[in-house]
Amino acid sequence: MFILRELAEALTKPLCIIYQQSWLTGEVPVDWRLANVMPIYKKGRKEDLGNYRPVSLTSVPGKVMEKIILSAIMQHIQDNQAIRPSQHGFMKGRSCLTNLISFYDQVTRLVDEGKAVDVVYLDFSKAFDTVSHSILLEHLDAHGLDGHTLHWVKNWLDGLAQRVVVNGVKCSWWPATSGVPQYWG
């Protein structure tokens, strides 16, 4: 990362050309699709595997392209009003807190009007880990995402692979066939 920052002026034009050609052709460099997953200690007993969280280390230029693609997808979704205003998760300027405030306001209004309110709590904290890539692509296509972006995302997802690295020891590469990409969820 330090090297990229130091050479930013010299690398800007070549990277722009690479990004544009990748998007136009749908070709995704192999190293942009590979992730080393490393366990990072959070807290508690180090012997308890639940006290570690997996961190996915990927190519920095690949991450930049992911953000460019995500930005294009989010702009398309907003322009076509594909997400309801009540959506809070994964939306810029919205969070669990804004969702709770909105929920509280609505429940308070209904109670003030003398209406009954039933609440069902669901935990979707791991839901995005199991999203099928083919279903994700179907939804992007159904919402009219442009062909270049859809083709790029398909090629990128088709080649995603990861391996676990612990203390320098590397497991074999495994295809990643489900889960929302790192910056998307």
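1. Which residues does Asn-155 touch, not counting residues up to four places away in sequence? They are Gly-26, Glu-27, Val-28 and Arg-33. Asn-155 itself sits in helix 6. With a relative accessibility of 22%, Asn-155 counts as partly exposed. The cut-off for buried is under 20%, so Asn-155 does not qualify as buried.

2. A word on the model before going further. This is a predicted model. The chain has an average pLDDT of 87. Of the residues, 93% score at least 70. Confidence is lowest in helix 1, where the mean is 84. Confidence is highest in strand 4, residues 169-170, at 96. As a general caution, predicted coordinates should not be read in detail where pLDDT is low.

3. Back to Asn-155, for one long distance. Val-120 is 35 residues from Asn-155 in sequence. In space, the two are 39 Å apart, C-alpha to C-alpha.

4. Thr-149 is also placed in helix 6. Is Thr-149 buried or exposed? Thr-149 counts as buried, because its relative accessibility is 1%. The side chain of Thr-149 makes a polar contact with the side chain of Trp-23, at 2.9 Å. Leaving out residues up to four places away in sequence, Thr-149 touches Trp-23, Ile-69 and Ile-73. Trp-23 belongs to helix 2, which covers 8-25. Ile-69 and Ile-73 fall in helix 3, residues 60-79.

5. Helix 6 spans residues 147-158 and carries a salt bridge as well. The partners are Lys-154 and Asp-158, with N to O at 2.7 Å. Why are these two about one helical turn apart? They are four residues apart in helix 6, and so about one helical turn separates them. Lys-154 is partly exposed, at a relative accessible area of 39%. Asp-158 is exposed, at 52%.

6. How many salt bridges does the structure hold? There are four. One of them pairs Glu-47 with Arg-45. Their closest N and O atoms are 3.6 Å apart. Glu-47 is exposed, with a relative accessible area of 60%. Arg-45 is exposed too, at 57%.

7. Another salt bridge joins Glu-113 and Lys-115. Here the closest N and O atoms are 3.3 Å apart. Glu-113 counts as partly exposed because its relative accessibility is 42%. Lys-115 counts as partly exposed at 46%. This pair does not stand alone: Arg-109, Glu-113 and Lys-115 are linked in a network of salt bridges.

8. Now to a buried histidine. His-76 lies in helix 3. The relative accessible area of His-76 is 18%, and therefore His-76 is buried. A polar atom of the His-76 side chain lies 2.6 Å from the backbone oxygen of His-143. What does His-76 touch, apart from residues up to four places away in sequence? The list is His-143, Gly-144 and Leu-145. His-143 thus appears twice in this account, in the 2.6 Å pair and in the list of touching residues.

9. Next, the N-terminal surface. Phe-2, Ile-3 and Leu-7 make a nonpolar surface patch of about 340 Å². Leu-7 lies in the loop between helix 1 (2-6) and helix 2 (8-25). Leu-7 counts as partly exposed because its relative accessibility is 41%. Phe-2 and Ile-3 fall within helix 1. A reader should recall that helix 1 has the lowest confidence in the chain, at a mean of 84.

10. One backbone angle deserves a look. Phi of Asn-167 is near 50°. That is a positive value in a residue other than glycine. Where does Asn-167 lie? Asn-167 is in the loop between strand 3 (161-166) and strand 4. Asn-167 is exposed, with a relative accessible area of 77%. From Asn-167 to Gly-179 is twelve residues in sequence. In space, these two are 26 Å apart, C-alpha to C-alpha.

How values were computed
Residues numbered from 1 in each chain as written. Predicted model: local features only at pLDDT ≥ 70, side-chain atom pairs only at ≥ 80, totals over all residues. Heavy atoms only, no water. Patch = residues over 30% accessible without salt bridge, like charges linked within 9 Å, V, L, I, M, F, W, Y side chains within 5 Å. Areas by Shrake-Rupley, 256 points an atom, 1.4 Å probe, with all protein chains shown as cover. Salt bridge = Lys/Arg side-chain N within 4 Å of Asp/Glu carboxyl O. Buried < 20%, exposed > 50% of the residue type's maximum accessible area, 1.4 Å probe, protein only. Polar contact = N/O pair within 3.5 Å; in protein donor to acceptor, adjacent residues only side chain to side chain. Contact = heavy atoms within 4.5 Å. pLDDT = per-residue confidence, 0-100.
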